[in-house]
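Student: I would like a close look at a single part of this protein, namely one of its loops, with the surroundings described carefully enough that I can follow each contact in the coordinates. Please set that part in the context of the whole chain as you go.

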Amino acid sequence: MDTSTSNSMQPQSPPPSDPKTPSKSNNNNLIPNFNSYHPSPSRNIYSDRFIPSRTSSNFALFGLSPRSQSGNKEDSNNAYQSILRNALFPVTPEKNVSGGSRRNLKRPHCNIFRYKTETNQPLHSLTSPFGVDDEEEELRGVSSTPIKVARKVSRSPYKVLDAPALQDDFYLNLVDWSSQNVLAVGLESCVYLWHASSGKVVKLCDLGIDDNVCSVGWAQRGTHLAVGTSNGKVQLWDASQSKRIRTMEGHRLRVGALAWSSSQLSSGSRDKSILQRDIRAQADYVSKLSGHKSEVCGLKWSPDSRDLASGGNDNRLFVWNNHSTQPILKYCEHMAAVKAIAWSPHLHGLLASGGGTADRCIRFWNTTTNTHLSSIDTGSQVCNLVWSKNANELVSTHGYSQNQIILWKYPTMSKIATLTGHTYRVLYLAISPDGQMIVTGAGDETLRFWNVFPSPRSQNTESQIGASSLGRTQIR
């Protein structure tokens, strides 16, 4: 038998292994000794899929530690649960004594599916799910304080009424808005009522060819309207019944200013006097106030009905009380007629006044301490002033030479908005009962309605006043 053939049937010893060639194994691993295989860190390994590198990850930001090479599946699950727990139940940072911040790693008590809130902590004090402190947000330029959006004021009137024969006279007061949402307007010898809710126009009275309307003024409550005439009389009307209640005399010349305080009615005249009337009394007036040296063109009672402010063509601003026939305060800083007068509804004793063409200033007075607080030059004749009931703002209307309407923020007196549209002096101004709208009148024989003041509930709430009919109509 051939030796070579017999040898082929015998098990042969394996050939010597080459150190560069790994030997085959009986297991199914494609790469032998995989568990003990560690590539060199200086060698780039290429594969058919992308495996991200975690060497540059900042695990401290997530409150995690880098996974060790010997980590197992349980460690991965614990890390995932830790992130999920922090996302669902964020922990609250606590300040330590050294001024740094440390985190309370204990899981806080949760109120899931409960109606009662068990914490009074503000939302901005809670940390983000990923543990970003307020200090870190500030460093990144992110502030947790919400940005206050500036209120937008429409530069166009939402309604325009034609008012034929509306007089261009600085010393008259021919427009007033009642608490019942009715606008009264004096046009020559007639008084017209415009119902803002329906847009209906009613002619209340006609004084005749020998008399003219010089002022109108609504009582603070109810439907009583006072009408000052060019003959020096004051008529009292019940607008709900279109009926004249009485006529009161006492002035020798026209009555250009009226002001109500409950059942007390004050009237100012070209005869330089102010008459105090009680409409419940039979007498035409109960007292006479003397002090002005020229026509009285501005009258306003304080919100508490204790003080009466009066302005005149003598450039004087006086303050009176219910117990004296002489002014208790006299202000002589204005250089022109003082028609624009307004008491602040927000601060007791704060009075604003505006001067005519030669003055152009709005001045503020503390009548409690008898001090002049501040003054601002508006650049044009100040015709009227009114405070907002809902915000610490006021509106001024102007004549020569810009005929504009300005909305101011008090006390900074920064301009919120400037409204234009009138082509003559804006001599008349009234505010709606809800405190959001104003109406302005001018010698261009138009009444313009503006939405300028915020609502007490929401600045975006749209008023119902006059909303049923927008556009331009005629008041008579």
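Tutor: What follows is an account of the loop that holds Ser432, and then of another loop, the core and a surface patch. The model is a predicted one, and the distances below should be read as values computed from it.

The loop in question runs between strand E28, residues 426-431, and strand E29, residues 437-442, and Ser432 has its place there. Ser432 counts as buried because its relative accessible area is 0%, where the cut-off for a buried residue is under 20%. The side chain of Ser432 takes part in a polar contact with the side chain of Asp434, at a distance of 2.5 Å. The side chain of Ser432 also reaches the backbone nitrogen of Gln436, in this case at 3.4 Å.

A second loop can be read alongside this one: Ser302 lies between strand E16, residues 296-301, and strand E17, residues 307-312. With a relative accessible area of 5%, Ser302 is buried, and a polar atom of the Ser302 side chain lies 3.3 Å from the backbone nitrogen of Arg306. When neighbours within four places in sequence are left aside, the residues in contact with Ser302 are Asp307 and Trp343.

Strand E29, which follows the loop of Ser432, covers residues 437-442, and Val439 is among the residues that Leu183 touches, once those up to four places away in sequence are not counted. Others in that list for Leu183 include Trp177, Leu193, Trp218, Leu447 and Phe449. The largest nonpolar core has 40 residues, and Leu183 is one of those that touch the most other members, together with Trp177, Val191, Leu193, Leu225, Leu447 and Phe449.

For the chain as a whole, there are three helices and 31 strands, and 41% of the 476 residues are buried. Among contacts between residues at least 6 apart in sequence, 47% join residues at least 24 apart. The protein exposes about 27,700 Å², of which carbon and sulfur atoms supply 50%.

As a counterpart to the buried serines, Leu84, in helix H2 (residues 73-88), is partly exposed, with a relative accessible area of 39%. Leu84 joins Tyr80 and Leu88 in making a nonpolar surface patch of about 330 Å².

Note on methods
Residues are numbered from 1 along each chain as its sequence is written. This is a predicted model: local features need pLDDT of at least 70, side-chain atom pairs count only at pLDDT 80 or more; totals for chains, interfaces and linings use all residues. Side-chain values use heavy atoms; hydrogens and water are left out. Patches are made of residues with over 30% relative accessible area and no salt bridge: like charges are joined within 9 Å, nonpolar side chains (Val, Leu, Ile, Met, Phe, Trp, Tyr) within 5 Å. Accessible areas come from the Shrake-Rupley method with a 1.4 Å probe; for residues, only the protein chains shown count as cover. A salt bridge is a side-chain nitrogen of Lys or Arg within 4 Å of a carboxyl oxygen of Asp or Glu. Helices (H or I, at least four residues) and strands (E, at least two) are DSSP runs, numbered from the N terminus. Buried means under 20% relative accessible area, exposed over 50%, partly exposed in between (1.4 Å probe, protein chains only). A polar contact is a pair of N or O atoms within 3.5 Å; within protein, one must be able to donate a hydrogen and the other to accept it, and residues adjacent in sequence count only if both atoms are side-chain atoms. A nonpolar core is a set of buried Ala, Val, Leu, Ile, Met, Phe, Trp, Tyr and Cys residues joined through side-chain atoms within 4.5 Å. Contact means heavy atoms within 4.5 Å.
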